[in-house]
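Please work through the exercises below with the sequence and the model open beside you, and try each task before you read its solution.

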Amino acid sequence: MERSVPTHHPRSIGRSHSRAKWGKRLSPYLLSLPAGLWLLLLFLVPLFIMLSMSLKTCSPASGQCYMTWNWGELPHQVSLYRAQFYTSLLFAACATLIDLVISFPIAYWIAFYGGRRKNFFLIMLLVPFFVSFIIRTLVWEFILSNNGFVLSFLRNSHLVSANFHVLGTGFAVIAGLAYNYLPFTALPLYVAIERIDRRVLDAAHDLYANRRAAFMRVILPLAVPGIFAAFLLTFIPAFGDYVNQEILGGTANTMIGTVIQNQFLINSDYAGGASLSVVLLAVSLIGIWAYARVLGSRAIEEYI
Amino acid sequence: MSKNEEMANPGIDPSFWRGMTQPRISRRQALGYAGAGALSTLLWDTMAGASSLPNASMGTKSWWAKQKLHHTVNFANWPYYIDVLKGKHPSLEHFTSTTGIAVNYSEVIQDNASFYQKIRPSLAAGQSTGYDIIVMTSNNPQLGYLIELGWLVPLDHAMMTNYEKNAGPLIKSPSWDPGNKYTMAWQSGWTAVGYNSKLVKSPGNSVDILFSKKYAGRVGMMSDVNELGSVGLLAIGVEPATSTEKDWSKAATKLQLQKSDGIVAGYYDQSYIEHLKNGDTVVSQVWSGDIFQADLNSKYKDLVLMIPQEGAMLWTDNMCIPIHAANPKDAMTIMDYYYGPQAQAVVEYYNDYICPVPSAKQALLHPSGWEATALRSLKTEIGLAYSVTADSSIVFPTPQRVKESKNYYQFKSQEEINAWNALFLPIIQGA
């Protein structure tokens, strides 16, 4: 936690003094140059290109784009696809909430009661995710399809109506998102809970806190950075996700990721796709910014 | 004390798990990839103009004279579009055995827009798409784009002897390619209505069935904007070919309502047929031949094609040679081969789309050469008399039937295409 405070050497005077001063002024920038270049090349330049793409007019025939400073494209696209943004927000929020509710007890139990088998339990948690993301989702599609064995069985035993279906519903998409992003919630939570000093908990008990009070007033507050990190790591990718919606969803629950994908890969509407991407990114950045403001940017480094 | 010890040695270092998830790195990497993609588009923007210009002499007589046969051809087509017997294609096998040209036949085209999007970067960069023949539909703007941008090789009419002799009036020198400069039709078909007769008892004879609340949640629509918009226009009683932008927005409202009422199960590409087969949908927009092919399997005998009273949309899929194709002469050879009545008879007996070669009807009724053998072995699987196909007005349409079919709206400008897309795309990818 302690910061290294630069010490001023009393004997550095005269010419060497000014050189040292320059060096001292520049050194933080020089030291951060690699990171700065990295950010510039892999974040700011692409971001700028995406922003400029949203102002261009592209020919769907040749794919060539010309800068036309078309500021109207972004609001136009947002007005066309506002509903899909809301759907994405809602689905991502639901999936994140479900993940937090499921993961917290798991992470808590492994961290506190896992004992010497902690690694084993963590690996057990992760094993399903060793299979590719797409394949797992496709298998769910297979399991839950209308004529698949699960629904056939339920229908034949009259547990559900003949018209009952899972695929194509918002529920299926949320479930898919929650399933696919579970490790992104569970692991930061585990890290946060694992590092809680047990002596703090002992102290709480010494001070006559019952288990509930100790949990609510000690463990939960100490796990908050982990919860927030888990929230970001789950919510942001889920917000832009399109695979789950494409495979498990239907016509009434298109997410913004699907729209962006279609704009780029089917409709050749680069400006439209870029505009929507800009909005998606802005929403994500606001989330990260809020996190940094509430918990400090250091907390992001700890968990992400 | 034991607790303290446990704390000092808490199994695995949490940082390991942090490393496992590596979100910070991966997100940056993801952005990095996005950046590389965007950078390449930027570069491509600046270079495309120069490098995509086709060779001026391409497709001229002297250019064709210099081309040689390479005894291989890469043919990209749509699924369910050629004769199949136990995983092989008899008509292709006969072609290979008589000409020595091996055919790489791949069924990679699911819809025009996304396939165009896949091949365009290669074409713009002046590279081969990897295909010598692609099949694009007349009702979509993409075929027009390819022609306008000079991305198709003008055909060698000296190699089109079968075509000149046998091509039917429906597809010869069509409006989208006068004089067949760039294209030869593969098949034509109708976009009509299909339904499962076991579950749909009184289908009527109108496109209204697609909008009926009776089948809410079990109606399949097409994700192709042109197909979707056109059926919307038919449903409000407007001729698509002569429709106006006002009509389009009325049709869009009708289709939007159809979706918000929960009638639509999904907007599908070629996969619509699978959804109709497996019961996800009971009524669907369909392409004429697919239903006949599905009927070949006794499991799907209940699927029925209906040509609605409002009319069915008539389209043609066209074979064409993209520029920089490696084997243009081989491509010409096989394209013309399929204008022989025998080859068409074999294809039609299997796929039941509209035949571009009217004389194939006689070849099918009275097979004599190699096609007799091919048809006989196909018959063991299909089990129907040749006359069922030969006498079908869906395969060999009467002039009256052709006259009754509807044409798509021909877009006159990019603005019109944009207006159409702005109305119908949000329905397909709607919330």
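The exercises that follow concern a predicted model, and each task is followed by its solution.

**Exercise 1. A nonpolar patch**

Find which residues form a nonpolar patch on the surface, and which elements give two or more residues to the patch.

Solution. Start with the residues: Trp22(A), Leu26(A), Tyr29(A), Leu30(A), Leu33(A), Leu37(A), Leu40(A) and Leu44(A) form the patch, and together they have about 860 Å² of accessible area. Next come the elements, and those that give two or more residues are helix H1 (14–31) and helix H2 (33–53) of chain A.

**Exercise 2. One member of the patch**

Decide whether Leu30(A) counts as buried or exposed.

Solution. Leu30(A) is placed in helix H1 of chain A. Its relative accessibility is 56%, and because exposed means over 50%, Leu30(A) counts as exposed.

**Exercise 3. A pair of rings**

Classify the pair formed by the rings of Trp78(B) and Trp287(B).

Solution. The structure holds 39 aromatic pairs over all chains. In this one the ring centres of Trp78(B) and Trp287(B) are 6.0 Å apart and the planes stand at 90 degrees, so the pair is edge-to-face. The pair links distant parts of the chain, since Trp78(B) lies in the loop between strand S1 (72–76) and helix H5 (90–99) of chain B, whereas Trp287(B) lies in strand S7 (residues 283–287) of chain B, 209 residues apart. Finally, Trp78(B) counts as buried at 6% relative accessibility, and Trp287(B) is buried with a relative accessible area of 9%.

**Exercise 4. A charge over a ring**

State which residue lies over the face of Tyr386(B).

Solution. Lys379(B) lies there, at 4.9 Å from the ring centre.

Notes: Residues numbered from 1 in each chain as written. Chains lettered and ligands numbered in written order. Predicted model: local features only at pLDDT ≥ 70, side-chain atom pairs only at ≥ 80, totals over all residues. Heavy atoms only, no water. Patch = residues over 30% accessible without salt bridge, like charges linked within 9 Å, V, L, I, M, F, W, Y side chains within 5 Å. Areas by Shrake-Rupley, 256 points an atom, 1.4 Å probe, with all protein chains shown as cover. Salt bridge = Lys/Arg side-chain N within 4 Å of Asp/Glu carboxyl O. Helix = DSSP H or I, 4+ residues; strand = E, 2+ residues; numbered from the N terminus. Buried < 20%, exposed > 50% of the residue type's maximum accessible area, 1.4 Å probe, protein only. Phe/Tyr/Trp six-rings, centres within 6.5 Å; stacked < 30°, edge-to-face > 60°. Lys NZ or Arg CZ within 6 Å of the ring centre and 35° of its normal.
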